[in-house]
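Q: I am new to this structure and would like to understand one part of it well. Please pick a single stretch, look at it closely, and then show me what lies on either side of it.

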Amino acid sequence: MTEAWEPDDDDDQRPRGASGPVRVRVPAKVNLHLGVGPLRRDGYHELNTVYHAISIHDELTARRGDTLALTMEGEGAGALALDDTNLVIRAAHALAAYAGVPAHARLHLRKQIPLAGGLAGGSADAAATLVACDALWGTGLSRDELAGIAAGLGSDVPFLIHGGTALGTGRGEAVSPVLARPTSWYWVVALADGGLSTPAAYAELDRLRAAGAAGPPLGSTDALLAALRQRDPRVLAATLGNDLQDAALAMRPSLAATLKAGEAAGALAGIVSGSGPTCVFLAADAADAERIAAELDAAGVCREARVAHGPVAGARIG
Ligand code: C5P
């Protein structure tokens, strides 16, 4: 097999890349709080958000090759372009350019995170690519350096390098971990048919706000951050919120029935995830989450209901 990149023979200090395949698992994210501020001059909105990584994972395997190639299976296979527009390919090129190595790898993606679902699946795959190619090529960047490259690829990508539960500011790319008790929270994730466009959801929120038809903006994250320091899911449930929810509901009115059905099934709270159309429900415990997911499936108000827990780690090898 052709080697993608080898350090100079006389430079033993330089890291050597992996010779075998590198497999990286990366989680989906939900926003426990998504506060959307005004539209900035650069076309992004100022955010005040709390990200939370949950146990629905994509898996990226990177092998040595003499070109850059991507194949995929699972959620969205066949619907997602595998060319230079794909965030995975863009991530590999961005890392190669930063590190000064050829962008040579054979990448294979196994997707469980839906496309355009509001769970940051594309951003997750970009984060996985950075971690996998860093190991494959032996570029040895720190997590902060990888997060810096990640910020250029998308607002959510740095969080998916880190994972856990974290505060996001700026356009979402400035991430800092939040202090939380080591508690697992149990979620029911209601996947929808088809996706919603993130830029369209933000534009719809601007339109609703200009027309005075949006709800009041979320306040600070203080109550949510305090709830994360306790262990009571009922306290956490009362603090969940998403400013993009009105926009997602305007674009996909059927989501109102999904949210209602989850709460009727005993969820402590339900919100649209990010720009939707996925809805996420907080359950009292793991058994309750299983029961609520079965009820949502039976009610026919979503494509598929899955149980997940969080927080989980970000993009990791293994
Ligand atoms: O950063 P990312 O490429 O994921 O963002 C996709 C789109 O979502 C942006 O082009 C913009 O329209 C919208 N967006 C926004 N404000 C943010 C993040 C995203 O308006 N903070």
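A: Let's start at Leu 179, which in this predicted model sits in the loop between strand 6 (174–177) and strand 7 (185–191). Leu 179 has a relative accessible area of 70%, and because that is over 50%, it counts as exposed. For a sense of distance, Leu 179 and Ala 247 are 68 residues apart in sequence, and their C-alpha atoms lie 30 Å apart in space.

Now follow the chain out of this loop into strand 7. Strand 7 belongs to an open sheet of four strands in the order 9-10-7-11, paired antiparallel. Strand 9 (269–272) and strand 11 (304–310) form the edges, each pairing on one side only. Neighbouring strands of the sheet are turned against each other by 25° on average, direction ignored. Strands 7 and 10 are joined by five bridges and run antiparallel, strand 10 being residues 279–283. Here you can look for Trp 187, which stands opposite Leu 282 in strand 10.

Two loops that adjoin strands of this sheet also deserve a look. Pro 277 lies in the loop between strand 9 and strand 10, and the peptide bond leading to Pro 277 from Gly 276 is cis, with omega near 5°. Another cis bond joins Gly 310 and Pro 311, with omega about 0°; Pro 311 is in the loop between strand 11 and strand 12 (316–317). Most peptide bonds are trans.

On the other side of our starting loop, go back along the chain to the loop between strand 4 (105–111) and helix 2, where you will find Ala 116. Ala 116 has a positive phi of about 50° although it is not a glycine. Its relative accessible area is 45%, so Ala 116 is partly exposed. Ala 120 is found in the loop between strand 4 and helix 2 too, and its phi is also positive, near 60°. Ala 120 counts as buried because its relative accessibility of 12% is under 20%.

Ala 120 brings us to the largest pocket, with a volume of about 980 Å³. Among its 40 lining residues, those closest to the centre are Ala 120, Ser 123, Asp 156, Thr 198 and Pro 199. The lining is made up of 19 nonpolar, 16 polar and five charged residues. At least three of them come from each of domain 1 (22–178) and domain 2 (185–310).

Notes. Residues are numbered from 1 along each chain as its sequence is written. This is a predicted model: local features need pLDDT of at least 70, side-chain atom pairs count only at pLDDT 80 or more; totals for chains, interfaces and linings use all residues. Side-chain values use heavy atoms; hydrogens and water are left out. On a 1 Å grid over the protein atoms alone, a cavity is a set of points where a 1.4 Å probe fits but cannot get out, and a pocket is an open set with protein on both sides within 12 Å along at least five of seven lines; lining residues have an atom within 4 Å of a point. Grid points are joined across faces, edges and corners, and a volume is the space filled by probe spheres set on the points. Ala, Val, Leu, Ile, Met, Phe, Trp, Tyr, Cys and Pro count as nonpolar, Asp, Glu, Lys and Arg as charged, and the others, Gly among them, as polar. Domain bounds come from an automatic or database domain assignment. Buried means under 20% relative accessible area, exposed over 50%, partly exposed in between (1.4 Å probe, protein chains only). Two strands pair if DSSP finds at least two bridges between them. Axes are lines fitted to C-alpha atoms, for helices over the stretch in contact, and angles run from 0 to 180 degrees between N-to-C directions.
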